[in-house]
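Here is a short briefing for a first look at this structure. Keep the sequence and the 3D view side by side as you read.

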Amino acid sequence: MGSKGSRHKKSRKEEDCEEPEEVKEEVEKCYDPDDPTLIIVDEEDELDFMLDDFKSARALMSCGHAVTPTSLTNWCRRQLDEGGRYFVCGIPECDVEWSFDEVCRMALLTPEETEYFENKLFDNARDCFDVKSCPSCHSTVMRRDVSDLCVECTVCTDDFLTPFLFCWQCLRDWRGPAPRSDRCGNRGCVNKSLKTLKNCPDITFLAVDGVTGCPSVRACPACGFLLEHDTTGCKGLTCARCDEEFCFVCLEDKYDCHETSCPYEPCAGGVAPRQTYIPTLQWGNRYIQAPTLI
């Protein structure tokens, strides 16, 4: 007889003969037909791509398409798992973007689902926002004041029992007076992106007539990502990082620019000067608020 606490190792045959554990069936989320905030319709669930035939009543999204809370949850989760940073209707030729609040309300998200969606959105959009790792403890830090390079890591401050400040630009311990927006006191602390914007040559468009003095590198007006124009095509450009569409010449929203000038002609407002700061995309520009960061 084995000693107290010993475990009998089951044979493969014994394991195969065991009854499988009962799988708890997930309860389907359903709309309340009497909810006055919903537009209940007698239509097909247009997001039921897997033909699950959910039993809930159908309700209309802001784009006019009928969904059930479960099909909506599944579709939005799929977009997040594929790296999406916002929610778009899944019906062909419908490019309407849904707000995070609308998705939470119409998908009847549980607290656990809401937290997952928020964290996934943040992870997918991390590169677009002013977020870095503390050079000491490597925890995630979001810079609240984009005009100040002197940043405090509250985790290190709590651990060291003294304020831990580091430079957002060179990621070294902060030296010199603060606040500062150009550099800290460490040797070699320089903003390479600003240096590129300052020293890049002018561009010569092949298809846009009459534009001179336009820098060949621009920082996306929304997120600050550096972009080059390949000189072909129109003057409009889409940021590869945040999908912002803007005019490479005047830096205005692409569609605002097109209201006053042709895509292949000089802008009504002329060429925007070389940028002297890097724009930063802030939480709230899109549809969600930032999760709580240190």
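Which residues touch the most other members of the largest nonpolar core? They are Leu-72, Phe-87, Trp-98 and Phe-117, out of 24 residues in that core. Bear in mind that this is a predicted model.

**Nonpolar cores**
- Helix H2, helix H3 (100-106) and helix H4 are the elements that give two or more residues to the largest core.
- Another core lies apart from it and has 21 residues.
- Cys-214, Cys-220, Ala-222 and Leu-227 are among the residues of that other core.

**Helices H2 and H4**
- H2 covers residues 69-81, and H4 covers residues 111-125.
- Their axes come within 10 Å and cross at roughly 30°.
- Angles under 35 degrees count as roughly parallel, so H2 is roughly parallel to H4.
- The crossing of the two helices is left-handed.
- On the H2 side, the contact is made by Thr-73, Cys-76, Arg-77, Leu-80 and Asp-81.
- On the H4 side, these residues meet Glu-113, Tyr-116, Phe-117, Lys-120, Leu-121 and Asn-124.
- By class, this contact of H2 with H4 has 5 nonpolar, 2 polar and 4 charged residues.
- Phe-117 appears in this contact and is also one of the residues that touch the most other members of the largest core.

**The protein as a whole**
- The protein has 7 helices and 13 strands.
- Of its 294 residues, 38% are buried.
- Among contacts with a separation of 6 or more, 49% come from residues 24 or more positions apart.

Methods: Residues numbered from 1 in each chain as written. Predicted model: local features only at pLDDT ≥ 70, side-chain atom pairs only at ≥ 80, totals over all residues. Heavy atoms only, no water. Axes fitted to C-alpha atoms, helices over the stretch in contact; angles between N-to-C directions. Helix = DSSP H or I, 4+ residues; strand = E, 2+ residues; numbered from the N terminus. Parallel < 35°, antiparallel > 145°, perpendicular 65-115°, else oblique. Left-handed = near helix turned anticlockwise from the far one by under 90°. Contact = heavy atoms within 4.5 Å. Nonpolar A, V, L, I, M, F, W, Y, C, P; charged D, E, K, R; others polar. Core = buried A, V, L, I, M, F, W, Y, C linked by side-chain atoms within 4.5 Å. Buried < 20%, exposed > 50% of the residue type's maximum accessible area, 1.4 Å probe, protein only.
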